[in-house]
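Me: I should like a close look at one strand of this chain and at what surrounds it. Please begin with the chain as a whole, and explain each technical term once.

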Amino acid sequence: MLLSELLTSTTPLATGGTVALEIQGLYYDSRQVKPGGLFFALRGVASDGHRFIDTALQAGAVAVVLEDEAFAPATAAWIKVADARLAMTRMAAIFYGNPTDTVPLVGITGTNGKTTTTYLVEAILAEAGLPAAVLGTISYRFRERIIPSSHTTPESVDLQRILREVADMGAGSMVMEVSSHALEQHRVDGCRFDVGVFTNLTRDHLDYHHDMESYLASKQRLFAELLVPDQVKPRRRAVINLDDTYGSQVAAVTACPVIGYGLGPAAQVTAREISFSVDGISGMLVTPAGELPFRSALLGRFNLYNILAAAGAGVALDIPLAAIREGIERHASVPGRLERVANGRGVALLVDYAHTGDALENVLRTVTELAEGRIITVFGCGGDRDRGKRPVMGEIAGRYSDLAIVTSDNPRTEDPASILAQVRQGILPLGLREYAPSELAEGIKDKGFCTIENRRDAIRLAVRLARPRDIVLLAGKGHEDYQIIGTEKHHFDDREEAARAFAEMES
């Protein structure tokens with residue numbers, strides 16, 4: 001594609017060299033540049049892409065998009081823009097033929113529930129004859145094409161390339177988790193959404209956003225700026241959790257009609273005659289298109305909200321109620337979301353991704369409602385991330401658990417012992433017994449907690465202590481199959497470790 005064609009999507013502040021160049025590829029990492037490429041010099045948190053312009057040119061880049069004209073090359077074309085990320089997003093959409101223009105696209109944002117909701121929407125779309133490509137925290141996938149995800153929402157060039165690939169493979173729809181980082185960094189500005197879903201907003205990512213107001217503002221971009229009806233997609237809808245504290249603030253700025261969901265009186269998509277059990281959820285689904293009974297194998301009240309969100313997306317897309325129900329009922333589980341680990345000891349061992357205070361409380365509240373025995377929770381907090389949530393998560397785990405085992409999550413470059421100490425500060429005010437691991441050799445005598453830095457040892461201890469009808473919750477890592485210690489990523493899967501611990505007990 002000619003550089004001049006790409007430039008129709010942005011407003012250059014200045015240019016140098018000819019724009020009558022054939023562009024073979026788009027790159028934001030100088031190490032990936034190939035001959036004929038267009039390089040975007042992005043300003044990042046840890047580095048500035050302007051410093052790598054020479055490297056990109058040496059690798060064969062024929063043009064550069066930059067913000068600082070002082071770095072403009074003398075030997076190649078360059079384009080100065082006010083925001084290189086935004087320019088990259090728009091150019092990437094054009095370069096890959098605007099893949100979201102011709103198929104329904106559902107974007108799901110919020111702190112918790114995004115992944116489960118994408119799976120539910122995917123199932124509903126499949127029942128409606130619109131096979132969906134899904135991009136999210138676990139993977140980017142369509143049919144046999146599965147790419148492990150490195151980010152909840154990929155960088156815009158990668159995103160548009162993947163969307164073009166799945167569109168060419170025959171995707172009849174697309175479902176995407178949209179992270180606050182992606183919205184803040186304009187990664188999805190080149191996408192044309194049909195439906196935006198807001199699940200909730202609770203404390204998370206404040207290491208990046210700094211405060212809840214900024215975090216909310218990033219989420220609001222999807223609804224205020226990216227769901228504006230236009231000639232390509234004149235019928236757009238927002239599906240918003242009106243029971244969430246921030247739902248009304250999101251609805252207030254939304255640029256298209258809103259379908260509210262929840263259990264309150266203002267919700268258009270809701271449920272009644274609800275029943276929760278260890279077998280799942282059942283009830284009567286109520287929508288503007290009618291009512292119908294439903295059953296789901298998913299557990300807990302928070303998953304009811306995910307079901308309502310997905311049903312709302314189906315209503316927004318005018319999908320028949322029968323297909324919405326079939327999608328809800330056919331979808332049984334999500335990797336790392338209250339995922340069971342089979343064992344022969346009568347213990348309900350559940351692995352969940354809950355890594356925020358709100359998510360952990362939702363899961364533990366559900367577990368408490370279902371528990372017939374004791375609750376043993378193994379959890380930690382990630383390093384180099386929001387420190388404020390650590391004591392909050394400690395207090396929640398201590399309050400709901402018969403035994404809370406504080407351990408490492410992904411400590412990254414922080415001292416694991418320091419992270420554990422900060423979590424412990426949230427538990428101490430509860431006045432619970434603090435066990436040394438050796439004291440638990442005789443079992444759990446009183447409600448309490450302990451700290452074990454090694455996550456494998458913590459899981460083994462939980463499995464050893466569990467009795468029939470107890471529930472063991474391994475929280476924080478969910479589907480992840482790695483642990484980051486320092487700057488190294490090591491293979492580690494809570495599900496594998498739990499299965500191995502059970503096998504050791506039975507040998």
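**From the chain to one strand**

Reply: Of the 507 residues of the chain, 58% count as buried, where buried means under 20% relative accessible area, exposed over 50%, and partly exposed in between, with a 1.4 Å probe and protein chains only. The model is predicted: local features need pLDDT of at least 70 and side-chain atom pairs count only at pLDDT 80 or more, while totals for chains, interfaces and linings use all residues. Residues are numbered from 1 along each chain as its sequence is written, and side-chain values use heavy atoms, leaving out hydrogens and water.

The C-alpha trace spans about 75 × 55 × 40 Å along its principal axes. The radius of gyration of the chain is 24 Å, which agrees with the value near 23 Å for a compact globule of 507 residues; this radius is taken over C-alpha atoms, and the globule rule is 2.2 Å times the number of residues to the power 0.38. Among contacts with a separation of 6 or more, 66% come from residues 24 or more positions apart, a contact being heavy atoms within 4.5 Å. The chain contains 16 helices and 25 strands; these are DSSP runs numbered from the N terminus, with helices (H or I) of at least four residues and strands (E) of at least two.

The strand chosen here is β8, which covers residues 139-142. In a regular strand the side chains alternate between the two faces of the sheet. In β8, S139 and R141 point one way, Y140 and F142 point the other way, and all are buried.

Which strands pair with β8? Strand β7 (residues 132-135) pairs with β8 in the antiparallel sense over two bridges, pairing being counted if DSSP finds at least two bridges between two strands. Within that pairing, V134 has R141 as its bridge partner, and three residues lie between β7 and β8 in the hairpin they form. Strand β9 (residues 145-148) also runs antiparallel to β8, joined to it by four bridges. Here R141 stands opposite I146 of β9. R141 thus has V134 as a bridge partner and I146 opposite it in β9. The hairpin of β8 and β9 has two residues between the strands, and R143 in this turn has a positive phi of about 55°.

Strand β4 (residues 63-66) may be set beside β8: A63 and V65 lie on one side and V64 and L66 on the other, all of them buried. The pairings of β4 are parallel, with three bridges to strand β3 (residues 37-40) and four to strand β5 (residues 77-80). F40 stands opposite V65, and V64 stands opposite W78 in β5.

Two single residues, one in a helix and one in a strand, complete the picture. S156 belongs to helix α5 (residues 156-168) and is buried because its relative accessible area is 0%. Beyond residues up to four places away in sequence, S156 touches M88, T89, A92 and R187. H490 lies in strand β25 (residues 488-491) and counts as partly exposed because its relative accessibility is 39%. Its contacts, leaving aside neighbours within four places in sequence, are D481, Y482, Q483 and I485.
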